[in-house]
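Reader: I've got the coordinates open and a few things to ask. Can we go through them one by one?

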Amino acid sequence: MALSLSVHYDNGVATVSAQGEVDLASADELETRFGELTSPDVTSVVVDLEGVTFLDSAGINALLKGRRLAESRGQSFVVSSASGLVRQVLDITGVWNHLSGTTA
């Protein structure tokens, strides 16, 4: 399933909702979307992975780059709603707590 992205803005929060697969073929699209969130009105970036059915190392790398980019702009960055296989991949690789802002 191809990746579909949408962005919703509300009170300084840009929520990026992803649907489909975030893999080598689509990770650049996600990175590009993060790069577009340059408005000074955006203070927070939330990445909603509820609709993501597959995530590989390229997808994880895109999320980590997105976090670094947001932080370099003074924005907070959080990944939410990962479940199933996607959540397992994030847990196994040790990045879920870092990306979600939760503690072990």
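Author: Sure, and keep in mind that this is a predicted model. Let's start with helix H1.

Reader: Which residues of helix H1 are buried?
Author: H1 runs over residues 27-35. Seen down its axis, the buried residues fall within an arc of 60°, so they line one face of the helix. Those buried residues are Ala-27, Leu-30 and Phe-34.

Reader: And what covers the buried residues of H1?
Author: Both strands and helices turn up in the cover. On the helix side there's H2 (57-72). The strands include E1 (4-10), E2 (13-22), E3 (44-55) and E4 (76-80).

Reader: Let's talk rings. How many aromatic pairs does a search of the whole structure find, and what is the angle between the planes?
Author: The search comes back with 1 aromatic pair. Its partners are Phe-34 and Phe-77, 5.4 Å centre to centre. Planes over 60 degrees apart count as edge-to-face, and that is how this pair is classed, with an angle of 80°.

Reader: How many residues apart are the two partners?
Author: The pair links distant parts of the chain. Phe-34 belongs to helix H1 and Phe-77 to strand E4, and the separation is 43 residues.

Reader: Is Phe-77 buried or exposed?
Author: The cut-off for buried is under 20% relative accessible area. Its partner Phe-34 has 4%, so Phe-34 is buried. Phe-77 comes in at 5% relative accessibility, so Phe-77 counts as buried.

Reader: Any empty space inside? What is the volume of the largest cavity?
Author: Searching the whole structure for cavities of 30 Å³ or more gives 1. As for the volume of the largest cavity, it's about 40 Å³.

Reader: Which element gives the largest share of the lining of that cavity?
Author: The lining includes both Phe-34 and Phe-77, the partners in the aromatic pair. Also there are Leu-37, Val-45, Gly-66, Leu-69, Ala-70, Arg-73 and Gln-75. By class, that makes 6 nonpolar, 2 polar and 1 charged residues. The largest share, 3 residues, comes from H2.

Reader: Over to the acidic side chains. Is Asp-10 buried, partly exposed or exposed, and how far is its C-alpha from that of Val-42?
Author: Asp-10 sits in strand E1. Its relative accessibility is 45%, so Asp-10 counts as partly exposed. Along the chain, Asp-10 and Val-42 are 32 residues apart, and their C-alpha atoms are separated by 8.9 Å.

Reader: Same sort of thing for Asp-91: how far apart in space are Asp-91 and Glu-31?
Author: Asp-91 is in helix H3, residues 84-92. With a relative accessible area of 39%, Asp-91 is partly exposed. Asp-91 and Glu-31 are 60 residues apart in sequence, and C-alpha to C-alpha the distance is 21 Å.

Reader: Now backbone angles. What is phi of Asn-11?
Author: Asn-11 lies in the loop between E1 and E2. It has a relative accessible area of 75%, so Asn-11 is exposed. Its phi is positive, in a residue other than glycine, with a value near 50°.

Reader: Last one: where is Ser-81 found, and what is its phi?
Author: Look at the loop between E4 and H3. Ser-81 is partly exposed there, at 37% relative accessible area. Although Ser-81 is not a glycine, its phi is positive, at about 60°.

How values were computed:
Residues numbered from 1 in each chain as written. Predicted model: local features only at pLDDT ≥ 70, side-chain atom pairs only at ≥ 80, totals over all residues. Heavy atoms only, no water. Buried < 20%, exposed > 50% of the residue type's maximum accessible area, 1.4 Å probe, protein only. Helix = DSSP H or I, 4+ residues; strand = E, 2+ residues; numbered from the N terminus. Arc of directions from axis to C-beta. Contact = heavy atoms within 4.5 Å. Phe/Tyr/Trp six-rings, centres within 6.5 Å; stacked < 30°, edge-to-face > 60°. 1 Å grid on protein atoms, 1.4 Å probe; cavity = no way out; pocket = protein on both sides within 12 Å on 5 of 7 lines; lining within 4 Å. Points joined across faces, edges and corners; volume = space filled by probe spheres on them. Nonpolar A, V, L, I, M, F, W, Y, C, P; charged D, E, K, R; others polar.
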